[in-house]
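Let's take a walk through this model together, going from sheets to helices and on to the place where the chains meet. Keep the structure open beside the text as you read.

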Amino acid sequence: MTAALALSESFPPLSAAQGTLARLVGIGKTYGTGENAVAALSNATLDIRAGEVTLIEGPSGSGKTTLISILGLLLTPTAGEVWIEGQNVAGLGERALPGLRARNFGFVFQGFNLFPALTALENVAMAIQMKDPKAKSPKGEAKRLLELVGLGPRMHHLPADLSGGQKQRVAIARALGGNPPILVGDEPTAALDTKTALSVMELLRELASNAGRAVVVVTHDPRLERFADRVVRVEDGLIQAIDPVVHA
Amino acid sequence: MLLPRRMWTLARKLLLHDRLRFIVAIAGVSVSVMLVLVQVGLYFGFMDTASSLIDASKADIWVGKKSNDSFEFATPFDERTYYKVASVEGVDRADRVLINFAQFKLPDGGDLGAQIVGVDTTPGKAPLLAPWNVVEGDAQRLTQPGSIVIDKSEVEKLHIEHPGHITEVSGVRAEVVAMTSGIRSFTTSPIVFTDIRTARSFMPNLGADPITYVLVKVAEGTEVATVQARINALPHLAAYTTKQMSMRTRDYWSSRTGVGAGFFTTAVLGIIVGFVVVGQILYSGTLQYIREYGTLKAMGAKNSAVVKVILSQAMISAALGFVVGAPLAMGMRAAMKGANLTVALSPELYAVTLVITAVMCAFAALLSIVKVLRLDPASVFKA
């Protein structure tokens, strides 16, 4: 299916009832100017819906990372609109973005990015506190999240004492801190063996199905498609197709 | 800085995670703290020594010749001037003091330059300047001609062990009648207290009845400044309150000898050493955890939260460095006491040094802070 090209006027406003948590409309990102300008992404339109797992696939340099960076409010687009919480946030300044990110997004990375000096519990609790300094019980919430991802018995271990899969589960628990509706993963299974990668993806699938979250994952691994609802295929800075996954 | 306990924990654990780097950071701050305390303490110790005679006096005003530059090398005047000062309205009491140098005869036949302090020892009248911290002998005997009081710290130099020792000063017989403790001169010449009449006999070349200072006690109910102004109106004389005289003497030795610049340069070098070490340690630590900081920023952590973690590391380094460095300075003070060097460590100096250390560490963290402030959270997606 070719991506919709219409601008926001063609779309109904976001509403929880429709389950659309974020919307990218006609997004473009160009680096440099004049003759040196490079278009990393052009005219990308995409809805992110609650309960869905969306895979973003494409070759290296195709614009996948740019797409999720803009979706995650980490990068400002040079064209188009980003709709979150009922407003176009594409033009918002840097001061407003941390709060929006904290409320709406959790991120999971290929390299885990856990503080090696902190235990699993401390890593998660600290992230909760950083996102919301007024959080009531960061430690209690961190415990709950680590138990949710199956790491209750290992919560007092340092990252160095955990396997790759366990570290990624800690990273997922950390991403869930503050209960954001959208989880964004940048190759979260790339550093894991097949069995572990599949179990991590299964966990992300459950988080989408059971908790009504949207999960958006950039991957090169087609084996993960069985956990997805849609696959967004990106190439040469364009969304070439958004294919629904038919589960047997 | 209000910081949740968890952030302090994060700062502490990040610092402690690499033990060697942590030890280097604390060592850097400790050396810095010790250098600042010892150097500034030595400076104040020297300055206390330089003005100790003035500070120990009970006078309100010191009167000397207007042309005097230095306390120790004051030009003498004759006794008529003393009576002029004593008769100024508002002066309750005036004491004569003669300070100059004379040759002290050593038991081996040699001579040693000594700073003679001749004081008014009128019987039945407590002098405005007299030997203090008397630890041996009887200082009251100074009223007797030829009596002198020396300090215990000079016994090795003067080869005198106990009161009762008979010697000569400028060829005049002198008997040590008492010994004090901790009275030393900035010039390193031993201080020898004696009665002004005996002092004059030690310095026959100064003319008839010489005096270098008149010490004044102001009458009750009279403003010191008023009396000071009246004395200043007398020709060729300058009157200073005891505090002014003390500061003047300290300034003289501090600026004329360069001792102040010397000590403070070393103290500043100490601060620079601490600054560089802590700055380098914090910066390398920040680089080590840059992806983790970026992840926190990506998730919505505000710059201020991340900056607080780095500043907390700086403050922990400052506090621990001070806790280690201050006792080191105390140890240095004890060691230097044996070499007759005074390191004046006051609570105020400790407090100021703690503040300087905290500021130094905060500034050392600036490079790291700039690094995380400029950190693009999107960079965490670039593996």
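## A helix across a sheet

Helix α1 (residues 64-71) of chain A lies across β1 (20-31), β2 and β4 of chain A, and its direction makes an angle of about 125° with β1(A). Please bear in mind that this is a predicted model.

The strands under that helix bring us to the sheet itself. In chain A, four strands in the order β2-β1-β4-β5 form an open sheet with antiparallel pairing. At its edges stand β2 and β5 (87-88) of chain A; each has a single partner strand, so one side of each is left without a neighbour in the sheet. Strand β4 (residues 79-84) of chain A is joined to β5(A) by two bridges, and these strands run antiparallel. Within β5(A), A:N88 is the residue that stands opposite A:W83.

At the other edge, strand β2 (residues 38-49) of chain A includes A:V38. Is A:V38 buried or exposed? A:V38 counts as exposed, because it has 9 C-beta neighbours inside 10 Å. Apart from neighbours within four places in sequence, A:V38 is in contact with A:T30, A:Y31 and A:G32. For a sense of distance, the C-alpha atoms of A:V38 and A:V89 are separated by 24 Å, with these positions 51 residues apart along the chain.

## The six-stranded sheet

Chain A also has an open sheet of six strands, in the order β6-β7-β8-β3-β9-β10, and here the pairing is mixed. Its edge strands are β6 and β10 (238-244) of chain A, each with a single partner strand, so one side of each is left without a neighbour in the sheet. From one strand to the next, the twist averages 20°.

Two of the pairings in this sheet can be set side by side, each with one pair of facing residues.

| Strand pair | Sense | Bridges | Facing residues |
|---|---|---|---|
| β6(A) and β7 (residues 182-186) of chain A | parallel | five | A:F105 and A:I182 |
| β3 (residues 53-57) and β8 (residues 214-219) of chain A | parallel | five | A:L55 and A:V217 |

What does an edge position mean for the burial of strand β6 (residues 105-109) of chain A? Five of the five residues of β6(A) are buried, so the strand is largely enclosed by the rest of the structure. The cover reaches both faces of β6(A): A:F105, A:F107 and A:F109 are buried on one side, and A:G106 and A:V108 on the other.

Helix α2 (residues 97-104) of chain A has buried residues too, namely A:P98, A:R101, A:A102 and A:N104. Among the elements that cover them are β4, β6, α3 (120-131) and β7 of chain A, together with α10 of chain B.

## Where the chains meet

That mention of chain B leads to the contact between the chains. On the chain B side 22 residues take part, and they are in contact with 27 residues of chain A. The elements of chain B that give two or more residues to this side are α1 (5-17) and α10 (290-298). By type, the chain B residues that touch chain A divide into 14 nonpolar, three polar and five charged.

## Two helix pairs

We can finish with one helix pair from each chain. In chain A, the axes of helix α5 (residues 164-176) and helix α6 (residues 194-211) come within 9 Å and cross at roughly 20°. That angle makes α5(A) roughly parallel to α6(A), and the crossing is right-handed. The contact involves A:G164, A:G165, A:Q168, A:R169 and A:I172 of α5(A), and A:T196, A:S199, A:V200 and A:L203 of α6(A). These residues divide into three nonpolar, five polar and one charged.

In chain B, helix α11 (residues 303-337) and helix α13 (residues 366-374) pack at an angle of about 155°, with their axes 10 Å apart. This makes α11(B) roughly antiparallel to α13(B), and their crossing is right-handed. Here B:N303, B:V306, B:V307 and B:I310 of α11(B) meet B:S368, B:I369, B:V372 and B:L373 of α13(B). The contact of α11(B) with α13(B) holds six nonpolar, two polar and no charged residues.

Conventions. Residues are numbered from 1 along each chain as its sequence is written. Chains are lettered from A and ligands numbered from 1 in the order in which they are written. This is a predicted model: local features need pLDDT of at least 70, side-chain atom pairs count only at pLDDT 80 or more; totals for chains, interfaces and linings use all residues. A residue is buried if 20 or more other C-beta atoms lie within 10 Å of its own, exposed if 12 or fewer, and partly exposed in between; C-beta atoms are placed from the backbone. Two residues are in contact if their C-beta atoms, placed from the backbone, lie within 7 Å. Axes are lines fitted to C-alpha atoms, for helices over the stretch in contact, and angles run from 0 to 180 degrees between N-to-C directions. Angles under 35 degrees count as roughly parallel, over 145 as roughly antiparallel, 65 to 115 as roughly perpendicular and the rest as oblique. A crossing is left-handed if the near helix is turned anticlockwise from the far one by less than a right angle, and right-handed if clockwise. Ala, Val, Leu, Ile, Met, Phe, Trp, Tyr, Cys and Pro count as nonpolar, Asp, Glu, Lys and Arg as charged, and the others, Gly among them, as polar. Two strands pair if DSSP finds at least two bridges between them.
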